[in-house]
Amino acid sequence: GIFKFNAESYASLLASTRRNLLAVQAKSSIAETKLYSTLTENTVAFMNFLRRNPRSLLLFDNIDDSQLLEDCLPDPRIPCHVLITTRSEELYRDADFNQMTLTELQGESAVDALLGWSGKSPTSFQEM
């Protein structure tokens, strides 16, 4: 699946992580949903889901805090893809992963770019 995280702040990232965790718990038919009080605890629970459900795309949108990035990135051994957007030149400059500079994408252009990077067809994207 594709999971978007609003990474503008600790509070928005925590809320996004909780929302995604609830979604995967619901899809997994887990009888009891469990949310945690800290970002770290929720992230660990979400990463456990990813270990059992490889090939997900995690989109961390508008992250500017390198500590938040470190706190929420999955273990490199988890088979998933990560897309990070940032306007922070410092974060961009210090990053230790493949980088691509983009201009702002709107509507259909953004969807086409995401589908191209993920290898998904428009039909499979609509089915998610």
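These legends go with close-up views of aromatic pairs and cysteines in a predicted model.

**View 1. The F5–F60 stack.** Five aromatic pairs turn up in this structure. One of them joins F5 and F60, with ring centres 4.7 Å apart and 15° between the planes. That angle makes the pair stacked, because planes under 30 degrees apart fall in that class. The two partners come from distant parts of the chain, 55 residues apart: F5 sits in strand β1 (residues 2-6) and F60 in strand β2 (residues 57-61). Are these rings buried or exposed? F5 has 2% relative accessibility, so it counts as buried. F60 is buried too, at 1%.

**View 2. F46 and F49 on one helix.** Here the ring centres lie 5.9 Å apart and the planes meet at 40°, so this pair goes down as tilted. Both residues belong to helix α2 (residues 39-52), with three residues of spacing, or about one turn of the helix. F46 and F49 are both buried.

**View 3. The phenylalanine cluster.** Which residues do the ring pairs link into a cluster? The members are F3, F5, F46, F49 and F60. So the stacked F5–F60 pair and the tilted F46–F49 pair can be looked at together in this view.

**View 4. C72 and C80.** How many disulfides does a search of the whole structure find? Zero. C72 is buried, with a relative accessible area of 2%. C80, at 18% relative accessibility, also counts as buried, because the cut-off is under 20%.

Conventions:
Residues are numbered from 1 along each chain as its sequence is written. This is a predicted model: local features need pLDDT of at least 70, side-chain atom pairs count only at pLDDT 80 or more; totals for chains, interfaces and linings use all residues. Side-chain values use heavy atoms; hydrogens and water are left out. Rings of Phe, Tyr and Trp (its six-membered ring) pair if their centres lie within 6.5 Å; planes under 30 degrees apart count as stacked, over 60 as edge-to-face and the rest as tilted. Helices (H or I, at least four residues) and strands (E, at least two) are DSSP runs, numbered from the N terminus. Buried means under 20% relative accessible area, exposed over 50%, partly exposed in between (1.4 Å probe, protein chains only). A disulfide is a pair of cysteine sulfur atoms within 2.5 Å.
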